[in-house]
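This report introduces a protein chain to a reader who has not met it before. It begins with the chain as a whole and then turns to a few chosen places.

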Amino acid sequence: MRTGTITDPAAAPSWTVTVQAPVTARFTGAQAWATVGTPAWAAETADRLRAAGFEPVTTPIAWPGYADTPRGLMGVRVRVGSHPSQDAAKAAAAKIVAAGFHAVAEWTGYDADQPADVENLHVAIIDPRVFRGTVRATHDGNVAQRETTSSVAAKLGSLVGVNGGFFLTSSADGVQGTMAGAGAYGGELTSMASGARAALILKDGGRHPRIADLTTTVTARAGRAAYAVQGLNRTPGLLRNCGRPGAAPTSEPRQDLTCTLADDLVRFTGAYGHDLPSGPGTQVVLDAKDRVVSVGARGGAVAPAQTVLQGVGAAGGWLTAHAEPGKRITVTEVVREAGGRRVELGPDDSVVSAAPTLVEDGRVHIDAVAEGTVDPADLSFGFAWANNRQPRTMAGVDGRGRLLLATVDGRLSGGSEGFTLAEGAAFMRSLGAVRAINLDGGGSTAMAVNGALVNHPSDATGERPVGDTVQVLPPRAG
């Protein structure tokens, strides 16, 4: 374990007011607001601000060194004033809004173009050549629940625990706690990938960790008829982070967007400890030998030694046409790395996925567009998430095969401002990572040591209950 604070005495952050640029949201066509705008917009806005009695400052903002975004100028930022407190900045913003602008109070310490003054860090290094325990991802037995990282760590007697991948936090998007991306625990795939996104693969109890972009393919077969399953253990028709064929408004990964699927076949396993979704569609219950037990309306619960298929739209029609009591419907699952290599899951294997990739082949390689965390065509999307400093949890593997787990506090929790994606990538590379990914962050960022929380979560309510976690467990007694 390593714990430290990076400080920069030369940094002098303050509260300010950012005047936002109007843009059109790419998928909805609605008006949205961006932190930066075109040079022409910035010049015009600055002139209008001066005419209204304000003193603006315009700053060109370059694209970070992402692997798949444009180079050079992203846009121009327009700001007004420097204030000693957030309340003072909010009061100033209100005056600018009253003058006909769209403005928000912001802390300059979150800016990528200015140095951070405080960053609180925790790093765990696990060397499988000498460590005799195990490392595994866990949803603690129920994929449809949320628990804090430290409570799971204390329950399991964990040496170190960190939060894992993205998960649902709103009931409007499905059942809270279910994962928004590929997840596997104890060798069982319990959620599907959102496109080809980064994942931490913990093979053989963590003795062979690696990082790769994963895709998942699940297929239901009734005799010679086959149908694509698009979800595991999630509400049919609702797809957080998108990334599945047929999803609207996009089949590509899109961070924090809930897409819809009019035609959706979802499988539920015994890991789904929650009432099954109800509503229009068809439900088929299968026994342990994949024989159809019943066909009917959606609802109820997954009984022991059974699985459930739910279909809406055309998928519901397929189930109705092919499911007969006593007949078999088999379900096959295939997990592959983006290059085509198949990932076989054994009982000591687990998977946590998030986005984006940070380091590849020992070099900073942030595929932010491909993994749906920024959009060059819509600067209202993902700017703060990716380009501002935030609390972050990161995982990597170094050249010696050691697993690296790291957190940085942010949003001024404990005074710490956090990392941008680019800063997180540079930090992981500085630790020697040859591959690294960004896990869930923000208020979810947490690290527990010997069952006790050691970092400062940014939520005002304290440590956030999360979907899954990564736990470093001591050797079993005996």
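Contact here means heavy atoms within 4.5 Å. By that criterion, residues 24 or more positions apart account for 70% of the contacts in the protein chain with a separation of 6 or more. The model is a predicted one, in which local features need pLDDT of at least 70 and side-chain atom pairs count only at pLDDT 80 or more, while totals for chains, interfaces and linings use all residues. Residues are numbered from 1 along each chain as its sequence is written, and side-chain values use heavy atoms, with hydrogens and water left out.

**The chain as a whole**

The protein chain holds six helices and 32 strands, where helices (H or I, at least four residues) and strands (E, at least two) are DSSP runs numbered from the N terminus. Its radius of gyration is 24 Å, close to the 23 Å that the globule rule gives for 478 residues, so the chain is as compact as a globular protein of that length; the radius is taken over C-alpha atoms, and the rule is 2.2 Å times the number of residues to the power 0.38. Along its principal axes, the C-alpha trace spans about 80 × 55 × 40 Å. Of the 478 residues, 56% are buried, a term that means under 20% relative accessible area, with exposed meaning over 50% and partly exposed lying in between (1.4 Å probe, protein chains only).

**Helix α6**

In helix α6, which covers residues 421-430, the residues L421, G424, A425, F427 and M428 are buried. Seen down the axis of α6, its buried residues fall within an arc of 165 degrees, so they line one face of the helix; the arc is that of the directions from the helix axis to the C-beta atoms. After α6 comes G432, whose phi is positive, near 100 degrees.

**Two loop residues**

The table sets out two residues that lie in loops, with the contacts listed leaving aside neighbours within four places in sequence.

| Residue | Loop between | Relative accessibility | Contacts |
|---|---|---|---|
| G326 | α4 (314-322) and β23 (330-337) | 46%, partly exposed | R291 and V292 |
| Q20 | β2 (15-19) and β3 (21-24) | 14%, buried | W33, A34, W41, H102 and V104 |

How far apart are G326 and N438 in sequence and in space? They are 112 residues apart in sequence and 46 Å apart in space, C-alpha to C-alpha.
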